[in-house]
Amino acid sequence: MYDLHAHSNYSDGILRPQAVVSRAKTQGVTALALTDHDTLGGLAEARQEALVQGIELIAGIEFSCLWNGIGIHVVGLQVDPDSRVMQEAVTSQHQARERRAETIAAKLEKAGIAGALDGARQVAGEGAVLGRPHFAKFLVAEGHCKSINAAFKRYLGAGKPGDVKQLWPSVGEAVDWIRAAGGIAVLAHPDKYKMTRTKLGRLLQEFVEAGGEAMEVVSGQQSPNTTRDMALIANRFELYASCGSDFHVPDQPWQELGGYSPLPDNCQPVWQLWSRSGMVAS
Ligand code: MN
Ligand code: MN
Ligand code: MN
């Protein structure tokens, strides 16, 4: 039971890495990738707990990228967290996130909302990488919006003031980082970008040319149709298939650790590549 996409409170999840790992174990997961947004910070703690729980831990990360004006996520699996390239990539993404957070706060200020940067920092807690969900929680806590969804609809979602993406690296750059760190580049949740098939095909073509090797065929609970469709696309581009929950928060059944249908039989599971990559899972 592989879950190759999960978040801890080192990015926008709410559980500590230790709790993510022990929850994964409880849910029947036997191999877990912690893939926090643009950070490797939670991996050491997760690895320790994985040893305690006797579950395989895969070092992962989820990079934010920009492709033709669209925010795209690329997951790296089996990366060497100590490699210089990874360290530099994380630093560069942190700087991009800091500048982005400042820009979001400035735009919210123009929209009449003061103190968003400090507010989001407080929500995120020390050491966490700032993201839009932290701003959303701040907006709800301050009574500007009724819910996280409402905050995204009004202030943070696509085309809204808080939708600041121009600072992200290209998909090719993220793939390069992952490969240089000995990892496997996986296009995250291709179905979530709401692209036409033609456009998604162009993205995948570029992704493959850049050295991308896999895509998520299963991302959390999804319709059997979507799964079939994604499997066909993966095979068309000769990509390995990954699966994961994209877990952030307990009690969201559609994103629960291990809580999704298995990969279809016609896929080549990405873990067939494990033996090739340099990192040995704990
Ligand atoms: Mn997230
Ligand atoms: Mn994502
Ligand atoms: Mn994710």
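The following paragraphs describe the sheet, the helices packed on it and two manganese sites of a predicted model.

Residues are numbered from 1 along each chain as its sequence is written, while chains are lettered from A and ligands numbered from 1 in the order in which they are written. In this predicted model local features need pLDDT of at least 70 and side-chain atom pairs count only at pLDDT 80 or more, whereas totals for chains, interfaces and linings use all residues; side-chain values use heavy atoms, with hydrogens and water left out.

The sheet is open and mixed in its pairing, with seven strands in the order β1-β2-β3-β4-β5-β6-β7. Strands (E, at least two residues) and helices (H or I, at least four) are DSSP runs numbered from the N terminus, and two strands pair if DSSP finds at least two bridges between them. Strands β1 (2–3) and β7 (240–244) stand at the edges with a single partner strand each, so one side of each has no neighbour in the sheet. The partner relation of β6 (residues 214–219) with β7 is parallel and spans five bridges; within it, Met 215 is opposite Ala 241.

Helix α1 (residues 17–26) lies across β2 (31–34) and β3 (56–67), at about 155° to β2. Helix α8 (residues 197–210) lies across β3, β4 (70–77), β5 (184–187) and β6, at about 175° to β5. Axes are lines fitted to C-alpha atoms, for helices over the stretch in contact, and angles run from 0 to 180 degrees between N-to-C directions.

The axis of α8 also comes within 11 Å of that of helix α9 (residues 224–236), crossing at roughly 40°. In contact (heavy atoms within 4.5 Å), Arg 197, Leu 200 and Leu 204 of α8 meet Asp 229, Met 230 and Ile 233 of α9.

The manganese ion (ligand 2) has as protein donors Glu 62 (OE), His 73 (ND1) and His 189 (NE2), at 2.1 to 2.2 Å. Donors are N, O and S atoms within 2.8 Å of the metal (3.2 Å for Na, K and Ca); water is not among the atoms, so sites may look incomplete. Because Glu 62 lies in strand β3 and His 189 in the loop between β5 and α8, the pair ties together parts 127 residues apart in sequence.

Glu 62 (OE) is also a donor of the manganese ion (ligand 3), together with His 5 (NE2), His 7 (NE2) and Asp 246 (OD), lying 2.1 to 2.2 Å from the ion. Here His 5, in the loop between β1 and α1, and Asp 246, in the segment after β7, link parts of the chain 241 residues apart.
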